[in-house]
Structures are given as C-alpha cells and as structure tokens.
Amino acid sequence: MRETSRILLETERSVLASGGIVARLAGIYGPGRSALLSKLLAGTAMIDPENDRFVNQVHRDDIAGALFLLLNRDGEIAQIYNVVDDEPILQSECYRWLAQRLNRPLPPIGRSTQERKRGDSNKRVSNAKLRALGWTPQYPSFAEGIEKSVLPSFAELIFE
C-alpha cells in the first residue's frame, strides 16, 4: 500500500470513529480543469490497450451539491459516500470521445511510461448510496459535463 493510501485510510477511520462523514471524491473536473482534456490538448495523452482502465469523474459543481446535502442531514451516522458521476468510462473511450468532439487526432497507441497518480486503479465506483439520499448530479456523465461546462472555458486552447 502506498504511503498516501495508508494516510487516507487512517484519516477516514479517525473521522468515522468520531462520528463524521467521509466523502470520497472521484477525479474532479470543471471549468478550466480537466486532467484528461489537458493531456489530450498538450499531446501527452496515450492510449495503452494493455493497461486501459476505468476512470471515475465528477464535476466540481456536483461535488458542492453532494457536500451540501451531506452536511445538512440531521442524525446521520458515520458513513462513507462516493461522490462520482453515473458513468465510469474507459480511459481510451474518453480520449476517443474528446478527440472526435474536438476534431483532433487520437492520442498515440502504445505503452504508457507515465506514473499514474492513482497507481494501477481500475474500478467502477458507484454513487448509489449518495443517490439514495436524494443527490442527483447535474452532470451525470463526463461527456455531458465536458460539453456543457468545460469546453467553453477551454475554447481559446481548443480552437486556436
């Protein structure tokens, strides 16, 4: 286990033991912020078919809504909630969608040598527990959030 993971787990245990609520955030994106879009535009994106993985994303506005909901619940018992959109997406599919939408070439296909921020994580994270409380993401998918909220803020980079 990585040191960062160990510290996060220890912190979560401490928060839960004191009756707090833990919100686990997926990859955050929003106006002016999208790691996947930035990599595509910078030419550093790579499609690695041997290591394709699911990425879980969430729009910053949806995070704010989830945190507001969680902080305003009465009598909530200590629990963990995943704050993530409705549709995990394979990284390769994400790059294909972005390239097509922006009329850009696909990233090169090959073995990625970049160290991943989250290691070899490849999971589909569910928001069902948070949705059961009444939370509904404004941007239920990465594609919808990028289209409606992020692309306008990247316009000067995309359409140069």
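A residue is called buried when its relative accessible area is under 20%, exposed when that area is over 50%, and partly exposed in between, using a 1.4 Å probe and protein chains only. This is a predicted model, in which local features need pLDDT of at least 70 and side-chain atom pairs count only at pLDDT 80 or more, while totals for chains, interfaces and linings use all residues. Residues are numbered from 1 along each chain as its sequence is written, and side-chain values use heavy atoms, with hydrogens and water left out.

**Aromatic pair**

Rings of Phe, Tyr and Trp (its six-membered ring) pair if their centres lie within 6.5 Å; planes under 30 degrees apart count as stacked, over 60 as edge-to-face and the rest as tilted. The structure holds one such pair. Tyr-29 and Phe-142 meet edge-to-face, with 5.1 Å from centre to centre and 75 degrees between the planes. Tyr-29 belongs to strand β2 (residues 27-29) and Phe-142 to helix α6 (residues 142-150), so the pair ties together parts that are 113 residues apart in sequence. Helices (H or I, at least four residues) and strands (E, at least two) are DSSP runs, numbered from the N terminus. Both Tyr-29 and Phe-142 are buried.

**Nonpolar cores**

A nonpolar core is a set of buried Ala, Val, Leu, Ile, Met, Phe, Trp, Tyr and Cys residues joined through side-chain atoms within 4.5 Å. The largest one has 18 residues, and Phe-142 and Tyr-95 are among those with the most contacts inside it. Helices α2 (35-42), α4 and α6 each supply at least two residues of this core. The largest share, four residues, comes from α2. A second, separate core of 10 residues includes Ala-26, Val-58, Val-84 and Leu-130.

Contact means heavy atoms within 4.5 Å. Leaving aside neighbours within four places in sequence, Tyr-95 is in contact with residues including Leu-36, Leu-40, Met-46 and Pro-107.

**Residues with accessible area**

| Residue | Place | Relative accessible area |
|---|---|---|
| Leu-67 | helix α3 (residues 60-71) | 34%, partly exposed |
| Asn-103 | loop between α4 (91-101) and α5 (128-131) | 72%, exposed |

Asn-103 has a positive phi of about 55 degrees although it is not a glycine. The C-alpha atoms of Leu-67 and Val-22 are separated by 9.9 Å, and these residues are 45 apart along the chain.

**Charge over a ring**

A charge sits over a ring if NZ of Lys or CZ of Arg is within 6 Å of the ring centre and within 35 degrees of the ring normal. The charged end of Lys-129 sits over the ring of Tyr-81, 5.1 Å from the ring centre.
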